[in-house]
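Me: I've got this model open on my screen and I'd like a close look at a single part of it. Please walk me through it in plain language, and then follow the contacts outwards from there.

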Amino acid sequence: MAGVQTAVALREQGFAGTVTLIGAEPHQPYDRPPLSKAVLLGKAEGSAFDIDFEALGIALDLGREVTGVRPADHELDTATGPVAYDVLVLATGAAPVRLPGTEGVPGVHLLRTLDDAERLRPVLAEQHDVVVVGAGWIGAEFATAAREAGCGVTVVEAAERPLAGALPAEVAAPMEGWYADSGATLRTHARVERVEPGVVVLSDGTRLPAGAVVVGIGARPATDWLTDSGIELGAHREVVADERLRTSAPDVYAVGDCASFPSGRYGQRLLVHHWDNALQGPRTVAANIVGEDPAAYDPVPYFWSEQFGRFVQYAGHHASADQLVWRGDPTTAAWSVCWLREGALVAVLAVGRPRDLAQGRKLIEASAHLDPTLAADPSTPLKKAQL
């Protein structure tokens, strides 16, 4: 997404030079969200972008892995020889974290690429018993698809609750029941000791039958190939970009899941692994390249997840909040949560309440202050709670 959108944005903003998209995968550039939904369930053959790259004058160099970059020489290293560049945009995304000890074990899957989804389609079609490792966003989405396909599903999570790394305990707590409601089994405080063919063995000795194992325990910036480049990497091995998405190397930008950027809005550096970031950031990169003076890149992060029959949306960044406001009953199908910092809305989570999300996102962008009492009334439009 980030690479494709940068190329398209360059043309939209009048860049007349050569634009080449290099990708390690042989497939036409594709969108990832459908992989855990329509593609996985066989409702779509693929999710290629509906973009006429030839008409836009964008060259595709597919199936070519880049192994390094030499910024001083303005050259990339690839398996088939060097590639020169005037300006380079790093948009390598993130790679899924593998479960230690599962290399080469048959039946263990990740879900990040089109090939991953294609390998998992027959698993769902044959209605295998599936063990999902990790109750994060991707684990919940895969469990949803597997239950829809008729598979028996057990989700094992090392933490004490789902989404432990993403949401506070009190907000994630209502989501725990979603698993049972869908017919999936959720086991928390459950660590995987090892995976044997057809069995997942937990640290307490429990043996879970598994026709397939799907690992969803997080992702890390795909930057190992930059180790000797001299380009600055951060604490999470992400490319450190500035407010214009420039890296520490001249003529090199970074965008999407592989890069962090400083947020003036939240007073900290953000590493955002979500689709919307890969959609928005390229416009800033393109403006820099064509010679405009873009505003600092400081978005309100946004993502959504479809799981267990619910549409979950989140906007903002709640880490610095000092007040939590509930809108509605979390035991029902539709409710929201607002996070305030010194009275200003900084984040909102909406379950089945898309209007709350849309209004909340605009209020966050405007640094709006809310009346907590009005905000807590789900019958009052969120925008009406603005002070």
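What follows is my request about one strand and then a single long reply.

The part I mean is strand β22, residues 310–316. How many of the residues of β22 are buried, which strands does β22 pair with, and where does the trail of contacts go from Leu-167?

Reply: Happy to, with one caution up front: this is a predicted model, so read every distance and angle below as a property of that prediction.

Let's start with burial. Six of the seven residues of β22 are buried, so the strand is largely enclosed by the rest of the structure.

Next, the sheet around the strand. β22 belongs to an open sheet of five strands, in the order β21-β22-β25-β24-β23, and the pairing is antiparallel. The edges are taken by β21 (302–307) and β23 (323–327); each has a single partner strand, so one side of each has no neighbour in the sheet. On average, neighbouring strands here are turned by 15 degrees against each other, if you ignore direction.

Now the two partners of β22. On one side, β21 pairs with β22 in the antiparallel sense over six bridges. If you want a spot to click on, Gln-307 has Arg-310 of β22 as its bridge partner. The link between these two strands is a hairpin with two residues between them, and in that turn Phe-308 has a positive phi of about 50 degrees. On the other side, β22 and β25 are also paired in the antiparallel sense, over five bridges. A handy marker there is Gln-313, whose bridge partner in β25 is Ala-350.

There's a helix to look at as well. Helix α7 (residues 354–365) lies across β21, β22, β23, β24 (335–341) and β25 (344–351), and runs at about 160 degrees to β25.

From the sheet we can step into the nonpolar interior. In soluble globular proteins, nonpolar side chains tend to be buried together. Here the largest nonpolar core has 86 residues, and the members that touch the most others are Phe-142, Leu-167, Trp-339 and Leu-349. The element that gives the most to this core is β25, with seven residues. Apart from this core lies another one, of 16 residues, which includes Val-83, Leu-226, Ile-231 and Ala-254.

Leu-167 makes a good signpost. Leaving aside residues up to four places away in sequence, Leu-167 touches Trp-137, Arg-161, Ala-172, Met-175, Tyr-314, His-318, Trp-339 and Leu-349. So where does Tyr-314 sit? That number falls in β22, residues 310–316, which brings you straight back to your strand.

Arg-161 is the name on that list I'd zoom in on next. You'll find Arg-161 in the loop between β10 (153–156) and α5 (169–182). Is this arginine buried or exposed? Arg-161 has 14% relative accessibility and counts as buried because the cut-off is under 20%. The Arg-161 side chain makes a polar contact with the side chain of Glu-160, at 2.4 Å, and also reaches the backbone oxygen of Ala-164, at 3.4 Å. Beyond its sequence neighbours up to four places away, Arg-161 touches Leu-167, Pro-168, Ala-169, Ala-172, Glu-176 and Thr-188.

For comparison, take a look at a buried residue in another loop. Thr-223 lies between β16 (219–221) and β17 (239–240). At 0% relative accessibility, Thr-223 counts as buried. A polar atom of the Thr-223 side chain lies 2.4 Å from the backbone oxygen of Arg-237. Leaving out residues up to four places away in sequence, Thr-223 touches Leu-233, Arg-237, Val-239 and Cys-258. Of these, Val-239 stands opposite Ala-259 in β19. The strands β17 and β19 (residues 259–263) pair in the parallel sense over two bridges, within an open sheet of three strands with mixed pairing, in the order β17-β19-β20.

One last stop: helix α1 (residues 2–12) is mostly covered, with ten of its eleven residues buried. Among them is Thr-6, with a relative accessible area of 3%. Thr-6 touches Val-89, Val-255, Pro-282, Val-285 and Ala-286, again not counting residues up to four places away in sequence.

Definitions and conventions. Residues numbered from 1 in each chain as written. Predicted model: local features only at pLDDT ≥ 70, side-chain atom pairs only at ≥ 80, totals over all residues. Heavy atoms only, no water. Buried < 20%, exposed > 50% of the residue type's maximum accessible area, 1.4 Å probe, protein only. Helix = DSSP H or I, 4+ residues; strand = E, 2+ residues; numbered from the N terminus. Polar contact = N/O pair within 3.5 Å; in protein donor to acceptor, adjacent residues only side chain to side chain. Contact = heavy atoms within 4.5 Å. Pairing = 2+ DSSP bridges. Axes fitted to C-alpha atoms, helices over the stretch in contact; angles between N-to-C directions. Core = buried A, V, L, I, M, F, W, Y, C linked by side-chain atoms within 4.5 Å.
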